Amino acid sequence: IYLPKQVEVWTSIDGKDCTLAGHALNEMKNPVISYILYGVPLDARARYVRFKAKRTREWLFVDEIVVK
């Protein structure tokens, strides 16, 4: 299990047309299993939120996503 290199957050009002609202980069040197908190401050109004994790290896697990 490896950490993603980058996490993108996309938002949409209608669920079809999405806009990139922000991203967070993984700057850890060791990409092997670990805990990391990606924070993406947003200033957007949306009904739908899409997360896209860019990875380099095989497996990627998401444990929890918090939207405030």
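**Strand pairing and side-chain contacts around S1**

In this predicted model, strand S1 is joined by seven bridges to strand S3, which covers residues 48-54, and the two run antiparallel. One of the facing pairs along this ladder is Ser12 with Tyr48 of S3. On its other partner, strand S2 (residues 19-25), S1 makes six bridges, and here too the strands run antiparallel. Glu8 stands opposite His23 in S2.

Taken together, these pairings give an open sheet of three strands in the order S2-S1-S3, with antiparallel pairing. S2 and S3 are the edge strands, each of them pairing on one side only. From one strand to the next, the twist averages 20 degrees. The hairpin of S1 and S2 has six residues between the strands, and within this hairpin Gly15 adopts a positive phi near 85 degrees.

It is worth pausing on how S1 sits in the fold. Of the seven residues in S1 (residues 6-12), six are buried, so the strand is largely enclosed by the rest of the structure. Glu8 is a helpful residue to follow here: its relative accessibility is 7%, and it therefore counts as buried, the limit being under 20%.

Glu8 also takes part in a charged contact. Its partner is Lys54, and the closest N and O atoms of this salt bridge are 3.2 Å apart. The contact links distant parts of the chain, since Lys54 lies in strand S3 and Glu8 in strand S1, 46 residues apart. A search of the whole structure finds one salt bridge. How exposed are the two partners, Lys54 and Glu8? Lys54 has a relative accessibility of 36% and so counts as partly exposed, whereas Glu8, at 7%, counts as buried.

Strand S3 contributes to a further surface feature as well. A nonpolar patch on the surface is formed by Val49, Phe51, Val62, Ile65 and Val67, which together have about 440 Å² of accessible area. Val49, one of these residues, is found in strand S3. With a relative accessibility of 36%, Val49 counts as partly exposed, because this value falls between the 20% and 50% limits.

Strand S3 thus brings several of these threads together. It is an edge strand of the sheet, it is joined to S1 by seven bridges, it holds Lys54 of the salt bridge, and it contains Val49, a member of the nonpolar patch.

How values were computed: Residues are numbered from 1 along each chain as its sequence is written. This is a predicted model: local features need pLDDT of at least 70, side-chain atom pairs count only at pLDDT 80 or more; totals for chains, interfaces and linings use all residues. Side-chain values use heavy atoms; hydrogens and water are left out. Buried means under 20% relative accessible area, exposed over 50%, partly exposed in between (1.4 Å probe, protein chains only). Helices (H or I, at least four residues) and strands (E, at least two) are DSSP runs, numbered from the N terminus. Two strands pair if DSSP finds at least two bridges between them. A salt bridge is a side-chain nitrogen of Lys or Arg within 4 Å of a carboxyl oxygen of Asp or Glu. Patches are made of residues with over 30% relative accessible area and no salt bridge: like charges are joined within 9 Å, nonpolar side chains (Val, Leu, Ile, Met, Phe, Trp, Tyr) within 5 Å. Accessible areas come from the Shrake-Rupley method with a 1.4 Å probe; for residues, only the protein chains shown count as cover. Axes are lines fitted to C-alpha atoms, for helices over the stretch in contact, and angles run from 0 to 180 degrees between N-to-C directions.
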